[in-house]
Amino acid sequence: ALLSAKGVNIEVQALIGIKNQLKDPHGVLKNWDQYSVDPCSFTMITCSSDNFVTGLEAPSQNLSGLLAPSIGNLTSLETILLQNNIITGPIPAEIGNLASLKTLDLSGNNFYGEIPPSVGHLESLQYLRLNNNTLSGPFPTASTNLSHLVFLDLSYNNLSGPIPGSLARTYNIVGNPLICAANTEKDCYGTAPMPMTYNLSQGTPPMKAKSHKFAVAFGAVTGCMSFLFLAAGFLFWWRQRRNRQILFDDEDQHMDNVSLGNVRRFQFRELQVATEKFSSKNILGKGGFGHVYRGQLPDGTLVAVKRLKDGNAAGGESQFKTEVEMISLAVHRNLLRILGFCMTATERLLVYPYMSNGSVASRLKGQ
């Protein structure tokens, strides 16, 4: 369903269009390959279980240039996080095609021009941040369709015209001197954040002093108790998880480095350090089995660490050991030979040599 008439993945085409319009000084989009058949292997991309692109998340990456209109072809997108970059130009009107979009954060960039009216058609939108740009003009009149909007931040732009006070439960329009919301001038202008607990157009009824004090005291006590319960629950969860991060082979822990013939057995902490705690910037690929990370061992050896999704699936220790033994027996000049593995109560990992020449798909395409 995602293939064009020429057999090219439409979402890959859309992402390459975005990449071509951006300047990427840190190379975070380096593995966005126009010949790829699977955009889910791209860095900064999140996919659904059906392999549709649902997230574009590249905040604070020093990206500049323009946001390409092809973003409108990623029709399954639910999250766009491009805040704190240096992206300029107008916000593409095609963004209004993203009917499933729930989170849009373009704050802290250099976008200019008007907010496209199509933004008012994003009926699933819950979180919208466009603050700290140089946007001008009125807020789209179609914004009344944004019935699910919970948070809105348009602060520090040069917007004009009224913004409905009931548009979002929490909002901020500070730093827009031309804005007037629902004819309440005292709330339209100023240097303090807008009230977060009531609509600009409605205000709040006065409260009696005693009831106000009681409400404050009750809220403080409830908040403290909730915090203590949460802290205790988190501590219990952390200790349980820590206790489970042990090797299955308790009787042979002194042989952590040698197991299953010549296949090395790594400690989980060793692979955590090698991959910088499985940092997203080290992801080489994603698939149904899990994620593959680039890592560097203490001796400088580069490795590819495959972190399996179902680390504690049925079958347990014996099945995983059998699989490792079988893989270690597969020796061929065109196959990667396994270097080692790691097995804890909740994790299953395989370690291979790192191959720097890209994917098989790129080779088959002659790139």
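In which segment does N9 lie? In this predicted model, N9 belongs to the segment before α1. With a relative accessible area of 8%, N9 is buried, because the cut-off for that class is under 20%. The side chain of N9 places a polar atom 2.8 Å from the backbone nitrogen of E11. A polar atom of the N9 side chain also lies 3.1 Å from the backbone nitrogen of V12. Both E11 and V12 fall within the residue range of α1, 10-21.

Helix α1 also contributes at least two residues to the lining of the largest pocket. The volume of this pocket is about 1700 Å³. Its lining comprises 40 residues, and those nearest the pocket centre are L284, G285, M355, G358 and S359. Besides α1, the elements that each supply at least two lining residues are β15 (283-287), β16 (290-296), β17 (302-308), β19 (348-353) and α6 (360-364). The lining of the largest pocket is divided by class into 15 nonpolar, 16 polar and nine charged residues. Lining residues come from both domain 1 (3-180) and domain 2 (264-365), so the largest pocket lies between the two domains.

Three of the lining strands are linked by pairing. Strands β16 and β17 are antiparallel and share seven bridges, with R294 opposite A304 of β17. The two strands form a hairpin in which five residues separate β16 from β17. Within the turn, G300 has a positive phi of about 95 degrees. On β17, pairing extends to β19, again in the antiparallel sense, over five bridges. A304 has Y352 of β19 as its bridge partner. A304 is thus matched with R294 in the pairing of β16 and β17 and with Y352 in the pairing with β19.

A separate open sheet order was found for six strands, namely β1-β4-β6-β8-β10-β12, and the pairing in this sheet is mixed. Its edge strands, β1 (22-23) and β12 (158-160), each pair on one side only. Within the sheet, β6 (residues 86-89) and β8 (residues 110-114) run parallel and are joined over two bridges. One residue of this pairing is G89, whose bridge partner in β8 is F111. In general, the strands of a sheet pair through backbone hydrogen bonds, in either the parallel or the antiparallel sense.

Enclosed space was examined as well. The count of cavities of 30 Å³ or more is one, and the largest cavity holds about 30 Å³. Its lining is formed by I18, L22, L29, W32, L56, A58, L63 and L82. By class, these lining residues are eight nonpolar, no polar and no charged. Among them, I18 falls within the range of α1 (10-21), and L22 within edge strand β1 (22-23).

Positive phi values also occur at residues other than glycine. S60 has a phi near 55 degrees and is located in the loop between β3 (53-57) and β4 (64-66). The relative accessible area of S60 is 47%, so S60 is classed as partly exposed. K277 likewise has a positive phi, of about 60 degrees, without being a glycine. K277 sits in the loop between α4 (268-274) and β15. Its relative accessibility of 70% makes K277 exposed, because that class begins over 50%.

Terms used: Residues are numbered from 1 along each chain as its sequence is written. This is a predicted model: local features need pLDDT of at least 70, side-chain atom pairs count only at pLDDT 80 or more; totals for chains, interfaces and linings use all residues. Side-chain values use heavy atoms; hydrogens and water are left out. On a 1 Å grid over the protein atoms alone, a cavity is a set of points where a 1.4 Å probe fits but cannot get out, and a pocket is an open set with protein on both sides within 12 Å along at least five of seven lines; lining residues have an atom within 4 Å of a point. Grid points are joined across faces, edges and corners, and a volume is the space filled by probe spheres set on the points. Helices (H or I, at least four residues) and strands (E, at least two) are DSSP runs, numbered from the N terminus. Ala, Val, Leu, Ile, Met, Phe, Trp, Tyr, Cys and Pro count as nonpolar, Asp, Glu, Lys and Arg as charged, and the others, Gly among them, as polar. Domain bounds come from an automatic or database domain assignment. Two strands pair if DSSP finds at least two bridges between them. Buried means under 20% relative accessible area, exposed over 50%, partly exposed in between (1.4 Å probe, protein chains only). A polar contact is a pair of N or O atoms within 3.5 Å; within protein, one must be able to donate a hydrogen and the other to accept it, and residues adjacent in sequence count only if both atoms are side-chain atoms.
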